[in-house]
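Pull up the model and get it turning on your screen. We'll start at a single residue and work outwards from there.

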Amino acid sequence: MKIDLLYGRNGISVNLPEAAEPTVINKPAFPPCPDATEQIATALTNPVAGADFKSLCQNRSSACILICDITRPVPNHLFLRPMIEGMIDAGIPKSEITVLIATGLHRPNLGEELAELVGDPWVLENVAVENHYALNDEDHIDLGTTKGRGVPVKLDRRLVDADLRIATGLVEPHFMAGYSGGRKVVAPGVAHHETIRTFHSARFMEDPAAIECNLVDNPLHEEQLEIVRMLGEIYALNTVIDEDRNLVFTSFGEIIESHLAAVEFVRAFTEIPVGRKFKTVVTSAAGYPLDQTYYQTVKGMVTPLDILAPGGTLIIASHCGEGVGSDHFRAAQERLVSMGPDAFLKSLLAKSFADVDEWQTEMQLKPMRAGKVVLYSEGLPESDFAVTGVERATDLKQAIADSIAMHADPEIAVIPEGPYVVPQARSAA
């Protein structure tokens, strides 16, 4: 049997060992959807909460539109131009409209990558498209601290000072915040490094409620909600895409309510009851653009843990064409490898602010505690692989065969879309 996994830009096909008895875990099919242009127009004129888009643009002097960075395949090319044209038609000067890339602590998106991200030359020619830099103190406005958990709230002044604020993004499972999109595009998306590093501290990361698909008592979600309330008036355009990157759902309106509408839609297609655990789980890091660094690959390791039997083997395919990730992440990985998982975690527990990007290394501790992690990657040289802390597979078929033999169990789970699908060990109701 051959399986296809999302991997790099073109995917990868794997011939399973003859002994394998696979359970392939995919999303159910999305219902037929209107044309993407029609979807967006309908969402903008029929908001989930608040006024319609045209009304919101009236009597505004400036606007800031947040978009996700290159790590998220958001269909920016479909909605940025109609939104900006609507703003201009309402009298907002082009010079006062900013598209702000919510990089968080990721690197900026520049040059050809910026053009790919925006997806429409008209946008780049007509309005300012700028990156958020979390480490630039002067770029942020201090809004105080949250009452819930004392998170320092500093946000990019280009968003705070805008008369009309709109976040855009992709709603999909997120392995800490429950679901991406909405409030998360604001914080950590355009937050100061102290805000982000507080979110990424062990106080949040080790909370059992800070997991994928969960918004109940999730400390990140609750603090993000408080932050957008502290910010004040802000709206969101939320999108959901299928495995072929086609737009299948769009919601618009007040940021919290419109995000929840998208979450409720996508739950039925991403949270997949499987009814059991497996000793061998084969997954991906969701292909391009998410699997271009090892940093992002960790997400694919965490998402399927509910169906991994204790002591099982998790095999993940991720291209990693850009290598490990940032220098900060590499440093954290080097500490993990040299110190070992237990000592590394102990070093984190006393910190109020996580070091930049070390939180992703902390998340890797979860699959390492659960079982063995095996990575197949054509993009990582040996010098980079040395800091991953996981085993390397040079042949996916052989890695699967080895796991079947080691566990004496031919039944394996296969998750072609990686972290876009969240398999759950519970049975369907």
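Let's begin with His319. Leaving out residues up to four places away in sequence, His319 touches Tyr7, Gly8, Asp291, Gln292, Ser377, Glu378, Gly379 and Leu380. Keep in mind as you look around that this is a predicted model. One of those partners, Gly8, sits 311 residues away along the chain, yet the C-alpha atoms of His319 and Gly8 are separated by 5.3 Å. His319 itself is found in the loop between β16 (308–317) and α13. Is it buried or exposed, or something in between? With a relative accessibility of 25%, His319 counts as partly exposed, because buried would mean under 20% and exposed over 50%.

Cys320 belongs to that loop between β16 and α13 too. Its relative accessible area is 0%, so Cys320 is buried. Look at its backbone as well: phi of Cys320 is near 55°, a positive value in a residue that isn't glycine. Why stop for that? Because most residues other than glycine have a negative phi, and most peptide bonds are trans.

Ala408 is another case to look up. Its phi is positive, about 50°, although Ala408 is not a glycine. You'll find Ala408 in the loop between α17 (396–407) and β19 (411–415). At 69% relative accessibility, Ala408 counts as exposed, whereas Cys320 is buried.

Now for the cis peptide bonds. A cis bond joins Ala187 to Pro188, with omega at about 20°, and Pro188 is in the loop between α7 (183–186) and α8 (193–199). The bond from Tyr288 to Pro289 is cis too, and here omega is near 5°. Pro289 lies in the loop between β15 (278–284) and α12 (294–302).

Next, follow the chain into the helices. Two packed helices are described by the angle between their axes and the distance between the axes. Take helix α13 (residues 327–339) and α15: they pack at an angle of about 40°, with their axes 8 Å apart. That angle makes α13 oblique to α15. The crossing of α13 past α15 is right-handed. On the α13 side, the contact is made by Phe329, Ala332, Gln333, Arg335 and Leu336, while α15 brings Glu358, Gln360, Thr361, Gln364, Leu365 and Met368. Sorted by class, this contact of α13 with α15 has 5 nonpolar, 4 polar and 2 charged residues.

Helix α15 (residues 358–370) also packs against helix α14 (residues 341–348), this time at an angle of about 140°, with the axes 11 Å apart. That makes α14 oblique to α15. Here the crossing is left-handed. Pro341, Phe344, Leu345 and Leu348 of α14 meet Glu358, Thr361, Glu362, Leu365, Met368 and Arg369 of α15. The residues in this contact of α14 with α15 divide into 6 nonpolar, 1 polar and 3 charged.

Which residue of α15 is worth a closer look? Try Thr361, which is in helix α15 and takes part in the contact with α13 and in the one with α14. Setting aside residues up to four places away in sequence, Thr361 touches Phe329, Ala332, Gln333, Leu336 and Phe344. Thr361 is buried, with a relative accessible area of 0%.

For another buried spot, jump to Leu16, in the loop between β2 (12–15) and β3 (21–24). Leu16 has a relative accessibility of 5%, so it counts as buried. Apart from neighbours within four places in sequence, Leu16 is in contact with Met1, Ile3, Pro22, Lys397, Ile400 and Ile412. For a sense of scale, pick Glu257: Leu16 and Glu257 are 241 residues apart in sequence and 44 Å apart in space, C-alpha to C-alpha.

Finally, zoom out to the whole chain. The protein chain has 17 helices and 20 strands. Its C-alpha atoms fill a box of roughly 70 × 50 × 45 Å, taken along the principal axes. How does the radius of gyration compare with that of a compact globule? For 429 residues, such a globule would have a radius of gyration near 22 Å, and the chain has 21 Å, which agrees. Of the 429 residues, 61% are buried. Among contacts with a separation of 6 or more, 77% are between residues 24 or more positions apart.

Technical notes. Residues numbered from 1 in each chain as written. Predicted model: local features only at pLDDT ≥ 70, side-chain atom pairs only at ≥ 80, totals over all residues. Heavy atoms only, no water. Axes fitted to C-alpha atoms, helices over the stretch in contact; angles between N-to-C directions. Helix = DSSP H or I, 4+ residues; strand = E, 2+ residues; numbered from the N terminus. Parallel < 35°, antiparallel > 145°, perpendicular 65-115°, else oblique. Left-handed = near helix turned anticlockwise from the far one by under 90°. Contact = heavy atoms within 4.5 Å. Nonpolar A, V, L, I, M, F, W, Y, C, P; charged D, E, K, R; others polar. Rg over C-alpha atoms; globule rule 2.2 N^0.38 Å. Buried < 20%, exposed > 50% of the residue type's maximum accessible area, 1.4 Å probe, protein only.
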